[in-house]
Protein chains: 2
Amino acid sequence: MTTTTLPTELLLRFVAIVGEKNALREQSDLEPHLVENRGLYHGASPLLLRPGTTEEVAAIMRLASDTGTAIVPQTGNTGLVGGQTPRSGASDVILSLERMNRVRDIDPVANVIVVDGGCILDEVHKAAEKVERMFPLSLGSQGSCRIGGNLATNAGGTAVLAYGNMRQLCLGLEVVLPTGEIWDGLRRLKKDNTGYDLRDLFIGSEGTLGIITGAVLKLFPKPLGHQVAFAGLDSPADALKLFERASTLCGTALTGFELMPRIGIEFTTRHIPGVRDPLEAPHPWYALIDISTSDSAETAQTMIETLLEQGFEAGVLQDAVIASSESQRQALWHMRESMSDAQKPEGGSIKHDVSVPVSHIPDFMEAAEKGVLNAIPGARICAFGHLGDGNIHYNISQPVGADKTAFIARWREINEIVHGIVLNFGGSISAEHGIGQLKRDELAAIRPAIELDLMRRIKTAFDPAGIMNPGKVVTV
Amino acid sequence: MTTTTLPTELLLRFVAIVGEKNALREQSDLEPHLVENRGLYHGASPLLLRPGTTEEVAAIMRLASDTGTAIVPQTGNTGLVGGQTPRSGASDVILSLERMNRVRDIDPVANVIVVDGGCILDEVHKAAEKVERMFPLSLGSQGSCRIGGNLATNAGGTAVLAYGNMRQLCLGLEVVLPTGEIWDGLRRLKKDNTGYDLRDLFIGSEGTLGIITGAVLKLFPKPLGHQVAFAGLDSPADALKLFERASTLCGTALTGFELMPRIGIEFTTRHIPGVRDPLEAPHPWYALIDISTSDSAETAQTMIETLLEQGFEAGVLQDAVIASSESQRQALWHMRESMSDAQKPEGGSIKHDVSVPVSHIPDFMEAAEKGVLNAIPGARICAFGHLGDGNIHYNISQPVGADKTAFIARWREINEIVHGIVLNFGGSISAEHGIGQLKRDELAAIRPAIELDLMRRIKTAFDPAGIMNPGKVVTV
């Protein structure tokens, strides 16, 4: 890490916008904002600003634009690709939205909530709950991640199957542009065909086109019925067949369909306190099936029972259990959500966040396993995730007794193997985590020149000074 | 209309790309392509080209780009805002996708269909039907409108409530850029966070940023249960209350909720053969409620009965009938879909396609009625549409016995009144039809300067020569 500086006079002009107490300058105060969750990146910054209003954000961006100062927007700092981390060896100023954390308005009749970009996801859940509504985005980091970041990365999570990503959950945005201008696109409309879709351009652009300071999000009625089942399966092919049945039977009442391997159950039962194998005998694969119904509790129960019955009859599932209480349902989800953490005590883990068309999941799993084991015999593949979305977190734990550092050193090589197979199936090398710094060069290598060119043209059109989260997603 | 020409040498170069028989030059052949459905625009063009492949489209665009020739993409020519009509007094070349009408691939396991941009919507319905699937976009013009145009205008229709607009129904695109380059974005992925959302930028850009030559669309399981009810109501406020109940009770099984006024029922029973008032006594307002369930036929029946029961108990509906057969269901929908046609024999009609947040519908209806009747006493307001989407086709028939020409001459004045009220409620002046030529200047007048500026920057970045459907949506 290189220590970086900013001319004192300029630094003080930035500080003056938010006031001394909302400007961090000590490296010890800045430190937590310079590293991301997995420790893959350690950036440098001379200054962190915590504006309290959209106007203050705009003033910061005007000054940055005038002076060519790079700005890195940061919300909950929970991103997994280094998108929110300042560059190393530069003097990026961090703009944190943590003080802009208000619920601006909530309307349970129109089913919308309007929030600041720095509002914590869990606070949105709670605000919705208070008016008997539900906001469906559900993530492991929901206690600390913030809406601006969720939108900037088009966050996914476990409820995408029925409700979609953040893109589908957002009606309108307020964005401060790199030039410091404010775009008020806080519309609450379900239908609006008036010009280019600026909203969806900002969503998923990872803070490189502007700073999302406010958003109108959709709310939903709280489901009356909720059932969760855990099924033991022979193969991903059987999981796919079961998913197809579930999809046909339940339609959008199917709110989750997660795939897990035996080794994931072993890791979680071994390392996560309180987790027990829900089934008596071991199975090579498992599915967690989540059904939510809005008309009645009985519908969900009938659905889950019918699905399992059909699954047994068709021979696509070997054993299954239905959670009989809310605490049992939570325990099943806890097991699934702990799977990544449960890998840590097992040594190094090389991770992928990929998607393929749902129908290709079994073939992809087979091909990827061959490729990885060919490169690293004994590697323990713990591939789990959102089968219903075609999205697998293809994680690989080191062989038992292997050297962790030597294993992790092969991250790029293994990425190349797995991503090569993903691309053969028409898949994506980043299903939900985004590009950031981690996958920027890889994206540039796999995408057609015209696509990168269009992205660069947009970037230049929106950020002519090149100051908005530079070095992330695409280089100009 | 001014007759326009193109230098013969240039014209022959364009013709050579598609071959003589796929180039129309006679004004009598061109005529049907120069006018749009409502007769609001009559453009001019020296040449219509019918390319048969994406490569031919690209060759046309390269030549157009090199020579500064304006190109107007056209598919089914069913648009309602003049977006597909060549300009008057210019020499725009029409590029028709009508020969590119193939279904390229269909995968009922992954629930996707890949089609040419010129594929007719009804052909997509039929192809889906053949593999026991359903493509939900449903429009009055589905026998002639084509997918490229549906995507270019982000088409809506009657199934948006449960399935969304075209934007929500599309996974990937193939686009020929104004420069003649081809962007292959034909991805089939449900989740893909790799860079800027080019797909959604092209969708809804009305052919001003590129030509959509191919698309990957989502398919859905065919519903097992389908119920349609027709209810007599006292007011839009009661309709809103009934919608809220329906929404909570049915969730995404609520596939349609249409509002209609008494005068609309009078017009349809008077002018559309075979249409009869489904209820014994007249009511000021009506709702058409459509429920589709994927688990069983019984669920739909229970839902519709429970909803009407609850509605009666709460006093929000006065009378109701449930269609008892498929033909009765079709008859109810036919009445709703004929409402615009049924206005024609009643004289001139000034039309609006607006949306407001759903909870504001009753207040909007009241304010708009006051405004319109104040300007034109005796005007007959036939406002109907997709209440569940907040989208009302606010149509106004002339007073009985008034002069049609004099009435239609007040189109702009009445637009201003209605749109002013719409904007007061945070609404949209074009909920589903788009901007085209009709609303371009009005959009420029109501939108903040920064938003128009961002649209212009995108337009210039994608179409530096300014040849792609010029004069539509936004002027540079």
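What rotation superposes chain B on chain A? A rotation of 180° with 0.0 Å of shift along its axis does so, at an RMSD of 0.0 Å, the fit being by least squares on the C-alpha atoms of residues with pLDDT of at least 70 in both copies. This is a predicted model, in which local features need pLDDT of at least 70, side-chain atom pairs count only at pLDDT 80 or more, and totals for chains, interfaces and linings use all residues. Residues are numbered from 1 along each chain as its sequence is written, chains are lettered from A and ligands numbered from 1 in the order in which they are written, and side-chain values use heavy atoms, with hydrogens and water left out.

**View 1. The relation between the two chains.** The superposition of chain B on chain A is the relation of a two-fold axis. Because 100% of the interface residues of chain B are also interface residues in chain A, the copies meet through the same surface.

**View 2. The nonpolar cores.** A nonpolar core is a set of buried Ala, Val, Leu, Ile, Met, Phe, Trp, Tyr and Cys residues joined through side-chain atoms within 4.5 Å; buried means under 20% relative accessible area, exposed over 50%, and partly exposed in between (1.4 Å probe, protein chains only). The largest core has 91 residues, and Phe462(A) and Phe462(B) have the most contacts inside it. A second, separate core of 50 residues includes Leu240(A), Leu254(A), Ile350(A) and Val354(A). Contacts of Phe462(B) (heavy atoms within 4.5 Å) include Leu454(A), Arg457(A) and Ile458(A), as well as Leu177(B) and Phe202(B).

**View 3. Salt bridges in chain B.** A salt bridge places a side-chain nitrogen of Lys or Arg within 4 Å of a carboxyl oxygen of Asp or Glu. Arg102(B) and Asp116(B) form one, at 3.3 Å from N to O. Arg102(B) lies in the loop between β4 (93-96) and β5 (103-107), whereas Asp116(B), 14 residues away, belongs to strand β6 (residues 112-116); helices (H or I, at least four residues) and strands (E, at least two) are DSSP runs, numbered from the N terminus. Asp116(B) counts as buried because its relative accessibility is 2%. In another salt bridge, the closest N and O atoms of Lys222(B) and Glu129(B) are 3.1 Å apart.

**View 4. An open sheet in chain A.** Four strands are arranged in the order β1-β2-β4-β3 with mixed pairing, where pairing requires at least two DSSP bridges between two strands. The edge strands, β1 (23-24) and β3 (71-74), each pair on one side only. Four bridges join β3(A) to β4 (residues 93-96) in the parallel sense.

Definitions and conventions: Lists of a residue's contacts leave out its neighbours within four places in sequence.
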